[in-house]
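Biologist: Before we begin, could we look at the model together? I should like to ask about the places where its parts meet.

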Amino acid sequence: MEKQTYSRRFFLTTSSLLATFAFIPESVKAFYSNVKKLVIRPKEELRFLVTINKKKYRINADSRTTLLDLVREQLQLTGTKKGCDHGQCGACTVHVDGQRVLSCLTLAAMVQDKNVTTIEGLADGDKLHPMQQAFIECDGFQCGYCTPGQIMSAVACVNEGHTGSVEEIKEFMSGNLCRCGAYNGIVESIQKVAR
Amino acid sequence: MGFFDNQPDIQHIPEGRIEGIAKVTGSGKYAAEYKVNNQCYGVLVGSSVAAGTIKSISLDDAKQVAGVIDILTHQHKPFVPGFADEAKIKEAHFGLPIFYTDKIYFKGQPIAMVIAETLEEATYAASLVSADYTIDKANVDFDKSHPGIAASNTGKERGSLDSWSNVPYVTEAEYTIQNEVHNPMEMHATIAQWTSDDKLKLYDKNQGVNNVQRTFAKLWNIPTGNIEVISEFVGGGFGSGLRVWPHTFATIMAARQVKRPVKLMLTRPQMFLLVGYRPASWQKIKIGADSNGQFAGIWHIAKHSTSVYENFEDGITRITRMVYKFSNLKTESAIVPLNLSAPTWMRGPGDCTGAFAVECAIDELSYQLKQDPVELRLKNLAIEKDPENGKTWSTNFLNEGIQKGATMINWKNRQPVPGQETDGDWKIGYGMAVGMWGAGRGKAGASIKMQRDGTITVRTAMTDIGTGTGTAMQNIAHDFTGISKNNIKVELGNSNLPPAPSQGGSTGLSSISGAVVATCEALKQKLAGYASLQNDVYKDALAKDILLSDTGISYKANFISYASLWEKNNLDLVEAEASSGPGEERQKFSFCSSAAHFCRVRVHSKTGKVKIDKMVCVVDGGKIVNEKAAANQVSGAAAGGIGMALMEEQPVDTRYGSLVGNDLAGYHFAVNADSPIVEVAFINKPDVNINPTGSKGLGEVGIIGSAAAIANAIYNATGKRLRNLPITPDKILQA
Ligand code: FES
Ligand code: FES
């Protein structure tokens, strides 16, 4: 299959186009509602290969499926969390080819042939990743729902060298919301690993 | 009290919460994450008008989408006995009678639920559902509506308003707060599965499985025991999970209709509409003092919004009646029905709203009096007796908290005259405020299962919404049995386990600790019973003198190993169950938790930006069972206070009744960079009357008063008194 990239924007523009019908006169609307019928496209299934946590998966996914829904709903890798589905909270952070990525803003088809690491793939067997260990020791969570995303970003924060000061860590980690406000422990965990 | 010298915890690595590994590896299952065979997906469709009646719903387009199984509407839904007729619906007190009405009460009210094979299909099809309405006039304007609704007394008036009309120092002002939304990071979700015609299994996000169980048992008219509610991991609640919401009900109906398990996870925008929020409020406070700074009286009027289909009363003036000695006091309140969804308790509920106004008003008074706000408060605290009922406080260390906090923040560096301290373009100021919360306790049950190898599992239906309930149960069981923590497992959040109250209002730990202690004693007694067959001395052994270890039981140096106990008595599992609740101590004493909040802020004079330099919170939560988790909860509450003070607001478009920007890009709460490293300290003295561990709740007091401390600091920095939350930069620049 030819390599294609789908962006979520495509779907957003299509749907916002539909939304604008609300402001168009009835007659025009009637005409376009026929067009709209044509716009309702049947689902397209995509087949591709992806490596997740060092394991190869043969995927058969709806073209609309995000990477987040792929791992959570199809592969039962529910460690990656959905906090907004719109790139606003960081709960769904995973690594794609070593780069931190918001899986809710990534269509599944975009990771074809790539290497994805989710929170489930961070530990080395039973041996926790130092960041996971630090989060436990520094109590870097309460409810734990933002935690996988925090940890994936925290690993990137250290890898990318943003641990110079508390302020720098806080700034870098501000794309990962924590409603429990476990920020003290999150910063402490990162400092601990960076040391 | 029964604290023993315990066995040291061998290889307790890593030191942290009992569920830590599950949370950092992603293996812990939250409601939407269970794999249930043959499960399909539901997506809710909201009304596009704010008030009216549904004329017709058009489902044709949606039904064309491949994968759609069925669509629930008010015209097509399963029969629910508890909603059989108007009278029953009223009686059910469920709030919105979802799919059992054609009336629209607020914009976004669910009018349909699309059920499809996949989430993508359901989402797409839901976008194709449309409806026609007869539109009624909707009112969503709190500011315009509240003056038209008269307030009435809440609680008994003390003294009279007239008696302090001539005191020399009086301030009078109005305070407002916009709608705030809980927004736990996990969106509410339910998987509903009918395992037989009258047996229901729910994986559900909530703060109290027994409450969910009871509610649906009544609505479906089936025995409570036929419903199993599983909420093992709960991704935050802050009050949003304290009641049962229509979307959960809709999911159960859907599962009934399609005879398959159905999963529904609300979208983030729906989280602003369907699971409550802290209602917008208006308050007026008049407070007076004599020239010594002795409070003469207070008059507090509070109004907040509610929905048109259900009343909600947040209790804003409660706190006014408990912290200080006011010989003259009048509190009044009113609720203002609007075409918005129903609000509910949100962290620190009404007290948090009330404390903002009262604690700011006291600050204003202190500047008038030219007295230090710390001194002024200390002078007026009702530290011995609960002013509401005259009962002695079992413990109240708010004075100590205030003093400790003042030291921690270096209060002595504060300038008594506002606007004196600057650093370039920044103005620096100090502020403080206090919070208090009635320390409750409910009746709770727990059980312990013990294996031959000496490991135990402590179990309760109570949920752990992130407060560390499970870890606390482990700690308490360790303290009261002597068994090392490594050998203590915990199971919770399942309605099949011994019943417990919902986790909210800072009562979780206080309630469950008593149950765990009682169960530990029951276990000891049971084991002693078996032991007495081997050794007579065990016959009259009292639980408090019996010590358990990882290997066996001992009483007065008579040790019997579990192995021999199990062997001799031919045992398999030993189980003990007990429950415990409040008793007559509640007649004798009043109970409270409290907090003193201090902060130093800097305000940019050109941009109006506020930066919290330092934030200190000293809490009296009785005996602290797990210091790390407790400090975490309090600093988290402080982050909530920062959000409340500086950024959280959910505006409503008064023309169309829509929420504006109802997602996490539009609704801001404190991110990591908005919050300093919060400094937390505890009084850490047990309240021996409240429960066997002496610990009082601390989830609420961490936020009650903290927004006021920030507003007061902004005044100290700039001389600008901002009485309308959130205090955004534009308001500061315009003041
Ligand atoms: S779920 Fe992806 S950023 Fe929130
Ligand atoms: S730990 Fe609950 S949201 Fe971060």
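Biologist: How much area do domain 2 of chain B and domain 3 of chain B bury between them?

Modeller: This is a predicted model, and the domain assignment of chain B gives domain 2 as 281-440 + 587-734 and domain 3 as 441-581. The C-alpha centres of these two domains lie 39 Å apart, and the contact takes 16 residues from domain 2 of chain B and 16 residues from domain 3 of chain B. Of the area buried between them, 57% is on carbon and sulfur atoms, and the total is about 1,200 Å².

Biologist: Which three residues of domain 2 of chain B supply the most area buried against domain 3 of chain B?

Modeller: The residues on this side of domain 2 divide into 7 nonpolar, 8 polar and 1 charged. Three residues together supply 37% of the area that domain 2 of chain B buries against domain 3 of chain B, more than any other three, and they are B:Gly440, B:Val625 and B:Pro692.

Biologist: How many salt bridges are there between domain 2 of chain B and domain 3 of chain B?

Modeller: Polar contacts are present here, with a count of 4 residue pairs between domain 2 of chain B and domain 3 of chain B. A salt bridge, however, requires a side-chain nitrogen of Lys or Arg within 4 Å of a carboxyl oxygen of Asp or Glu. For these two domains the count of salt bridges is 0.

Biologist: How much area do chain B and chain A bury between them?

Modeller: The contact takes 65 residues from chain B and 54 residues from chain A. Of the area buried between the two chains, 56% is on carbon and sulfur atoms, and the total is about 4,900 Å².

Biologist: How far apart are the closest N and O atoms in the salt bridge of B:Lys263 with A:Glu73?

Modeller: The count between chain B and chain A is 6 salt bridges. One salt bridge joins B:Lys263 and A:Glu73, and its closest N and O atoms are apart by 2.9 Å.

Biologist: Which element gives the most to the side of chain B that touches chain A?

Modeller: Across this interface, 29 residue pairs are in polar contact. Elements of chain B that give two or more residues to this side include helix H1 (20-25), strand E12 (262-265) and helix H16 (627-646). With 7 residues, the element that gives the most is H16(B).

Biologist: What share of the residues in chain A is buried?

Modeller: Chain A has 7 helices and 5 strands. Among its 195 residues, the buried share is 52%.

Definitions and conventions: Residues numbered from 1 in each chain as written. Chains lettered and ligands numbered in written order. Predicted model: local features only at pLDDT ≥ 70, side-chain atom pairs only at ≥ 80, totals over all residues. Heavy atoms only, no water. Domains from an automatic or database assignment. Contact = heavy atoms within 4.5 Å. Buried area = accessible area lost by both parts, 1.4 Å probe. Polar contact = N/O pair within 3.5 Å; in protein donor to acceptor, adjacent residues only side chain to side chain. Nonpolar A, V, L, I, M, F, W, Y, C, P; charged D, E, K, R; others polar. Helix = DSSP H or I, 4+ residues; strand = E, 2+ residues; numbered from the N terminus. Buried < 20%, exposed > 50% of the residue type's maximum accessible area, 1.4 Å probe, protein only.
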